[in-house]
Amino acid sequence: MMPGSCKNIAGRAAMPMSVLGRNGPIVSRLALGTMTFGSETDEAEAHRQLDMFADHGGTLIDTADVYSDGVSEEIIGRWGENRGGLGDMIIATKGRFSPPPGSHGASRRALVRSVDASLRRLQVEAIDIYFLHGWDRHTDVGETLGTLGDLVSAGKVHHTGWSNVAGWQLQRIVSTAQAQGYPLPVALQPQYSLLDRGIELEVLPCALENGIGVTPWSPLGGGWLTGKYRADARPTGATRLGEDPGRGVEAYDLRNTPRTHAILEVLQTVAARHDRPMSHVAIAWLLARPGVASVLLGARTAEQLGGNLAAADLQFGSDDLAALTEASAPGLPPYPYRFLQDWSDVDTWWMLGT
């Protein structure tokens with residue numbers, strides 16, 4: 001199945017599919033993120049989401065050992081047990097931030113134990129994509145990559161990926177793997193949306209250069225790109241920012257800027273033109289970005305998930321894409337980026353519209 005081809009689902013628009021990176025698995029272009037499972041979403045509701053995702057032709061399910069202290073993985077494992085296994089799903093999980101006492105997160109001892117624990121919770125014989133959840137400055141990257149290679153050789157992991165890394169870190173991972181003969185990562189999982197395009201300076205160009213597929217998290221900017229938050233009213237109630245306005249990189253005061261609302265204005269205009277929710281347009285823009293193989297959708301309820309899954313069939317013309325890209329462009333710092341673009345004919349940022 002080639003990138004962009006579809007999986008036929010009776011009575012429903014087919015889910016587009018894509019190859020993850022140069023040699024990764026074939027995955028659905030919309031993926032299910034399960035960070036809410038076991039915390040904001042109870043098991044019954046989580047199983048409703050998983051059923052809905054599978055019914056829509058989704059195949060890539062993403063979790064991590066730190067999501068609800070492993071409960072997210074357990075919920076997925078029990079769902080798979082109820083349906084006779086997870087064989088038709090591509091299961092991705094992560095390790096790094098839940099090491100055993102006495103070990104750094106990306107060390108051999110920690111990763112071996114973390115993988116074995118994830119396998120038990122997920123009730124699978126192998127993890128399709130195992131992500132390092134972040135950089136570990138206390139562990140030599142060669143030790144981490146060598147351990148991942150051993151886990152691949154042992155049949156416990158099929159492919160590897162990295163999340164939340166800088167450009168120089170990603171290139172060091174790739175260069176070390178190439179030099180030592182370790183498996184190359186097939187996937188990168190960064191934050192990326194119309195509101196946060198910071199990876200375009202270094203991280204995304206590095207991924208494109210090395211044929212690494214991108215699976216962005218927070219495609220809706222913590223809810224901002226749905227249009228639910230206003231400049232003149234702090235969020236309240238049962239929303240993520242309503243319950244925690246200072247929530248990390250999605251914090252209300254951090255995102256409540258003229259730039260954000262200028263982007264939202266263009267997003268709303270394009271959405272109205274296509275008679276679609278703003279969230280659909282934000283997701284579709286991201287799916288059209290170079291290197292993006294699959295976009296992670298996270299939701300508290302099956303209804304929220306169903307609404308976002310409907311974005312899979314939205315396509316719009318070059319004028320709408322250009323308007324969204326221009327409105328959200330972060331701009332190039334004069335040096336070295338604009339200098340390289342102007343004087344060394346580096347066209348990466350021009351191509352990305354950064």
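**Exercise 1.** Is Trp 135 buried or exposed, going by its relative accessibility?

*Solution.* Keep in mind that this is a predicted model. Start with the cut-off: buried means under 20% relative accessible area. Trp 135 comes in at 17%, so it counts as buried.

**Exercise 2.** Take the aromatic pair of Trp 135 and Trp 168, and work out its geometry and its place in the chain.

*Solution.* Begin with the overall tally, which is seven aromatic pairs. In the pair of Trp 135 and Trp 168, the ring centres sit 5.6 Å apart and the planes make an angle of 65°. Planes over 60 degrees apart count as edge-to-face, so that's the label for this pair. Next, find the partners: Trp 135 is in the loop between β7 (127-132) and α4 (141-153), while Trp 168 belongs to helix α5 (residues 167-180). They are 33 residues apart, and the pair links distant parts of the chain. Now check exposure: Trp 168 has a relative accessible area of 56%, so it is exposed, whereas Trp 135 is buried at 17%. Finally, look for further rings: Trp 162 joins Trp 135 and Trp 168 in a cluster linked by ring pairs.

**Exercise 3.** Place Ser 193 in the chain and list what it touches.

*Solution.* First, the loop between β9 (187-189) and α6 (203-209) holds Ser 193. Second, its relative accessibility is just 1%, so Ser 193 is buried. Third, leaving out residues up to four places away in sequence, Ser 193 is in contact with Ser 218, Pro 219, Gly 221, Leu 225, Trp 285 and Leu 286.

**Exercise 4.** Which residues make the nonpolar surface patch of about 440 Å²?

*Solution.* They're Tyr 335, Phe 339 and Trp 343. Phe 339 is part of helix α13 (residues 334-343), and its relative accessible area of 38% makes it partly exposed.

Note on methods
Residues numbered from 1 in each chain as written. Predicted model: local features only at pLDDT ≥ 70, side-chain atom pairs only at ≥ 80, totals over all residues. Heavy atoms only, no water. Patch = residues over 30% accessible without salt bridge, like charges linked within 9 Å, V, L, I, M, F, W, Y side chains within 5 Å. Areas by Shrake-Rupley, 256 points an atom, 1.4 Å probe, with all protein chains shown as cover. Salt bridge = Lys/Arg side-chain N within 4 Å of Asp/Glu carboxyl O. Helix = DSSP H or I, 4+ residues; strand = E, 2+ residues; numbered from the N terminus. Buried < 20%, exposed > 50% of the residue type's maximum accessible area, 1.4 Å probe, protein only. Contact = heavy atoms within 4.5 Å. Phe/Tyr/Trp six-rings, centres within 6.5 Å; stacked < 30°, edge-to-face > 60°.
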